[in-house]
Amino acid sequence: MARVSQAHLDARRRQILDAARRCFAANGFHSTSMQDVLKEAGLSAGAVYRYFPSKDHIIAAISLETMREVAGVFTGALDAEQPPTPEELVGRALRTVQRLDEEQEAARLVIFVWAEALRTPTVRELVTTGVVEVRGLLARMIAVWQERGMIGDAVPAQQLAQLMGSLLPGYIIQKTMMGDVSPESFAEGLGALLHSPART
């Protein structure tokens, strides 16, 4: 029997995930069955279950991909010789979310994932792990900003990371529900808050 290449395996996995994304974005997680995913992907049950034993495994894989993309923005900023400003970094992260939303309807899916996390322990654990990772990367970046005098150091980096991390879900919710926000508006607003003169 001919050996299946890794490229073929990766392409088949991508085919399944893309089909699942379309189903989930259109109907939500609970209204989408594995049979719906099979039909959308044009594959047999055996072909799909080889990669994903259950719908929860597909949800987890989709969530992990999105979180890795966003975390990569913060990792890249930490590796940069010249760190971006807070507003530049937030703009980059939100533009990544915007791109993923345009390509994969990621914002809508992320909201579904959050809702699913309230009732499914495995999904909740995955979401929590992703949030902790992003907070940790943000805290490291904030510490760099504080060391360089780019922002004040009166508040611990971990505490500020909790605040800045909330900009991501805030953007996703407003973008999905109202559509009247942009990465630029969030970044400009953050810059105005950070650099406005203190009042006595």
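**Exposure, salt bridges and cores in a predicted model**

Q: Why is E40 called partly exposed?
A: The relative accessible area of E40 is 37%. Buried would need a value under 20% and exposed a value over 50%, so E40, at 37%, is partly exposed. The value is computed on a predicted model.

Q: What makes R22 and E40 a salt bridge?
A: Their closest N and O atoms are 2.7 Å apart. A salt bridge needs a side-chain nitrogen of Lys or Arg within 4 Å of a carboxyl oxygen of Asp or Glu, so this Arg and Glu pair qualifies. The two residues come from distant parts of the chain, R22 in helix α1 and E40 in helix α2, 18 residues apart.

Q: How do you know whether R22 is buried, partly exposed or exposed?
A: R22 has a relative accessible area of 41%. Because the partly exposed class lies in between 20% and 50%, R22 is placed there.

Q: What makes R14 and D18 a salt bridge, and where do they lie?
A: N to O, the side chains are 3.2 Å apart, which is within the 4 Å limit. Both residues belong to helix α1 and are four residues apart, or about one turn of the helix.

Q: Why are R14 and D18 put in the class they are in?
A: R14 has 30% relative accessibility and D18 has 28%. Neither value is under 20% or over 50%, so R14 and D18 both count as partly exposed.

Q: What is R14 linked to besides D18?
A: R14 also forms a salt bridge with E65, with the closest N and O atoms 2.4 Å apart. That value too is within 4 Å. R13, R14, D18, R21 and E65 are linked in a network of salt bridges. The structure holds nine salt bridges.

Q: How do you know that R99 and E103 form a salt bridge, and how are they placed in the helix?
A: The N to O value is 3.4 Å, within the 4 Å that the term allows. R99 and E103 are separated by about one helical turn because they are four residues apart in helix α5.

Q: Which class does R99 fall in, and which does E103?
A: R99, at 32% relative accessibility, is partly exposed. E103 stands at 52%; exposed begins over 50%, so E103 counts as exposed.

Q: What makes E105 worth a note?
A: E105 is not a glycine, and yet it has a positive phi of about 55°. E105 sits in the loop between α5 and α6. With 39% relative accessibility, E105 is partly exposed.

Q: How is the protein divided, and how far apart are the centres of the parts?
A: The division is into domain 1 (1-53) and domain 2 (55-194). Their centres, taken over C-alpha atoms, are separated by 27 Å.

Q: How do you know that domain 1 and domain 2 are in contact?
A: Contact requires heavy atoms within 4.5 Å, and 17 residues of domain 1 meet this with 16 residues of domain 2. About 1600 Å² is buried between the two domains, with 67% of it given by carbon and sulfur atoms. R21, A25 and F29 supply 44% of the area that domain 1 buries against domain 2, more than any other three residues.

Q: What polar links are counted between domain 1 and domain 2?
A: The counts are three salt bridges and seven residue pairs in polar contact. On the side of domain 1 that touches domain 2, the elements giving two or more residues are α1 (6-27) and α2 (34-41). α1 gives the largest share of that side, nine residues.

Q: Which residues touch the most other members of the largest nonpolar core, and which helices supply it?
A: This core has 31 residues, and F74, L89, I142 and L168 touch the most other members. Helices that each supply at least two residues include α4 (55-79), α5 (86-104) and α10 (183-195). α7 supplies the largest share, seven residues.

Q: What is I142 in contact with, leaving aside its neighbours within four places in sequence?
A: The contacts of I142 are I151, A157, L160, A161 and M164. Another core lies apart from the largest one; it has 24 residues, including I16, A25, V48 and I62.

Technical notes:
Residues are numbered from 1 along each chain as its sequence is written. This is a predicted model: local features need pLDDT of at least 70, side-chain atom pairs count only at pLDDT 80 or more; totals for chains, interfaces and linings use all residues. Side-chain values use heavy atoms; hydrogens and water are left out. A nonpolar core is a set of buried Ala, Val, Leu, Ile, Met, Phe, Trp, Tyr and Cys residues joined through side-chain atoms within 4.5 Å. Buried means under 20% relative accessible area, exposed over 50%, partly exposed in between (1.4 Å probe, protein chains only). Domain bounds come from an automatic or database domain assignment. Buried area is the accessible area (1.4 Å probe) that two parts lose on being put together, summed over both. A polar contact is a pair of N or O atoms within 3.5 Å; within protein, one must be able to donate a hydrogen and the other to accept it, and residues adjacent in sequence count only if both atoms are side-chain atoms.
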